[in-house]
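The following exercises concern strand pairing and helix packing. Each task is followed by a solution in steps.

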Amino acid sequence: MTYAFTIEVPIDPATYAHIQGGLGTEKPPGLVVHLVQRTTSGLRYTDVWESEADWKRFADERLHPVVDRVVSAALGFRPPEPSVQRLDVVDVWIGACASHEG
């Protein structure tokens, strides 16, 4: 079952770029789309995954080790985990692959 959510994080695009660099270029199994947008307080991620299990595996094995290291170095402490707002997705269309933009 599709799993989709948004998360608001208090980081800037430079910190996000460090996280992306630490994750490498291999796309995680089960990821459908990952969208990042600026907000007045940082960034908002909107993710769609093939399943919640795919997301949790990626978060536990790849994302959290990198985020812990990068965010702790940038802020001087590890902030609490941001709240997740689950989305009730009916359909997802994916067009041409977009490149990373700064």
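**Exercise 1. Identify the bridge partner of Arg 38 in S3, and describe the pairing around it.**

Step 1. Within S3, Arg 38 has Leu 43 as its bridge partner. Strands (E, at least two residues) and helices (H or I, at least four) are DSSP runs, numbered from the N terminus. The model is predicted: local features need pLDDT of at least 70, side-chain atom pairs count only at pLDDT 80 or more, and totals for chains, interfaces and linings use all residues. Residues are numbered from 1 along each chain as its sequence is written, and side-chain values use heavy atoms, with hydrogens and water left out.

Step 2. Eight bridges link S2 and S3 in the antiparallel sense; two strands pair if DSSP finds at least two bridges between them.

Step 3. The connection from S2 to S3 is a hairpin through two residues.

**Exercise 2. Determine the strand order of the sheet and state which strands lie at its edges.**

Step 1. The sheet is open, with four strands in the order S2-S3-S1-S4 and antiparallel pairing.

Step 2. Strand S2 (31-39) and strand S4 (84-87) are the edge strands, each pairing on one side only.

Step 3. From one strand to the next, the twist averages 20°.

Step 4. Strand S1 (residues 3-9) pairs with strand S3 (residues 42-49) over seven bridges, in the antiparallel sense. In S3, Tyr 45 is the bridge partner of Ile 7.

**Exercise 3. Establish which strands H2 touches, and whether S3 is mostly covered or uncovered.**

Step 1. H2 packs on the sheet and touches S1, S3 and S4, where contact means heavy atoms within 4.5 Å.

Step 2. The direction of H2 makes about 130° with that of S3; angles run from 0 to 180 degrees between N-to-C directions.

Step 3. S3 is mostly covered, as seven of its eight residues are buried (under 20% relative accessible area, 1.4 Å probe, protein chains only).

**Exercise 4. Characterise the packing of H1 and H2.**

Step 1. Helix H1 (residues 13-23) packs against helix H2 (residues 52-75) at an angle of about 140°, and their axes are 9 Å apart.

Step 2. H1 and H2 are therefore oblique to each other, since angles under 35 degrees count as roughly parallel, over 145 as roughly antiparallel, 65 to 115 as roughly perpendicular and the rest as oblique.

Step 3. Residues making the contact include His 18 and Ile 19 of H1, and Phe 58 and Arg 62 of H2.

Key
Buried means under 20% relative accessible area, exposed over 50%, partly exposed in between (1.4 Å probe, protein chains only).
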